[in-house]
Amino acid sequence: MISSNELDLGHEVKFVARWNGHFNLVVNDAPFGDGPIASYLDTTSGSLVMELGQLDEPDVTVTTDYETAKSLFLASDPAAGMQAFMAGKLVVNGDMMKLVV
């Protein structure tokens with residue numbers, strides 16, 4: 001688990017809040033836990049809500065590996081998403097336009 005002093009959420013929330021929708025995220029190959037990490041993001045209220053679990057009817061489901069997720073969400077590497085998508089390490093199902101900012 002990441003504590004609030006390890007992650008500058010101010011920047012991340014502004015970035016994610018520009019997306020408007022329901023997003024499921026599945027992270028495979030984590031070096032901890034049993035199996036994939038399933039979480040969701042909901043930005044429809046104007047605030048970021050992120051919890052473990054999955055939404056029944058997401059706009060988009062993104063599946064990736066642990067290292068790619070770290071690059072995208074913790075290192076805030078904007079090139080990581082496109083590189084991962086082109087390499088097949090980032091799979092998007094649903095309304096891909098919801099991810100385009």
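This is a stop-by-stop tour of a predicted model, with a selection to make at each stop.

**Whole chain**

Start with the cartoon of the full chain. The secondary structure amounts to 3 helices and 5 strands, in the order α-β-β-β-β-α-α-β along the sequence. Of the 101 residues, 28% count as buried. Long-range contacts are a good thing to display here: among contacts between residues at least 6 apart in sequence, 57% join residues at least 24 apart.

Next, colour by pLDDT. The chain average is 81, and 81% of the residues score at least 70. Select residues 1-16, where the pLDDT is below 50. Beyond near neighbours in sequence, this stretch has 12 contacts in the model. Hide residues 1-16 if they obstruct the view; the remaining stops are elsewhere.

**The nonpolar core**

Select F23, V27, V60 and V62 and show their side chains. Within the largest nonpolar core, which has 13 residues, these four touch the most other members. Now add the elements around them: strand 1 (22-28), strand 4 (60-65), helix 2 (66-74) and strand 5 (90-94) each supply at least two residues of this core. Which element gives the most to this core? Strand 1 does, with 3 residues.

**V62**

Centre on V62, in strand 4. V62 has a relative accessibility of 13% and so counts as buried, the cut-off being under 20%. Which residues does V62 touch, leaving aside neighbours within four places in sequence? The contacts are N24, L25, V26, L90, V91, V92 and L99. Draw a distance from the C-alpha of V62 to that of F23: the two are 39 residues apart along the chain and 7.5 Å apart in the model.

A second distance leads to the edge of this region. The C-alpha atoms of V62 and G94 are separated by 8.8 Å, with their positions 32 residues apart along the chain. G94 lies in strand 5, and at 60% relative accessibility G94 is exposed. Apart from residues up to four places away in sequence, G94 touches D59 and V60.

**N24**

Move to N24, in strand 1. Is N24 buried or exposed? At 4% relative accessibility, N24 is buried. Show L55 as well, backbone included: the side chain of N24 reaches the backbone nitrogen of L55 at 2.8 Å. The other partners can be selected together. Not counting residues up to four places away in sequence, N24 touches S39, Y40, Q54, L55, P58, V60, T61 and V62.

**D65**

Follow strand 4 to D65. D65 is buried but has no salt bridge. Measure to K89, the nearest side chain of opposite charge: the separation is 5.3 Å. That pair is not counted as a salt bridge because the nitrogen would have to lie within 4 Å of a carboxyl oxygen. Which side chain makes a polar contact with that of D65? The partner is T68, at 2.8 Å. With residues up to four places away in sequence set aside, D65 touches V27, N28, D29 and K89.

**D29**

From D65, step across to its contact D29. D29 sits in the loop between strand 1 and strand 2 (37-42). Check the backbone torsions here: D29 has a positive phi of about 65 degrees although it is not a glycine. Most residues other than glycine have a negative phi. At 66% relative accessibility, D29 is exposed, whereas D65 is buried.

**The salt bridge in helix 2**

The last stop is a charged pair. Side chains of opposite charge can pair when their charged atoms come close. How many salt bridges does a search of the whole structure find? The search finds 1. Select E67 and K70: their closest N and O atoms are 3.7 Å apart. Both residues are in helix 2, and because they are 3 residues apart, about one helical turn separates them. Turn on the surface to see how far each is covered. K70 is partly exposed at 34% relative accessibility, and E67 is also partly exposed, with a relative accessible area of 48%.

Methods. Residues numbered from 1 in each chain as written. Predicted model: local features only at pLDDT ≥ 70, side-chain atom pairs only at ≥ 80, totals over all residues. Heavy atoms only, no water. Core = buried A, V, L, I, M, F, W, Y, C linked by side-chain atoms within 4.5 Å. Buried < 20%, exposed > 50% of the residue type's maximum accessible area, 1.4 Å probe, protein only. Helix = DSSP H or I, 4+ residues; strand = E, 2+ residues; numbered from the N terminus. Contact = heavy atoms within 4.5 Å. Lys, Arg positive; Asp, Glu negative; His and termini not counted. Polar contact = N/O pair within 3.5 Å; in protein donor to acceptor, adjacent residues only side chain to side chain. pLDDT = per-residue confidence, 0-100.
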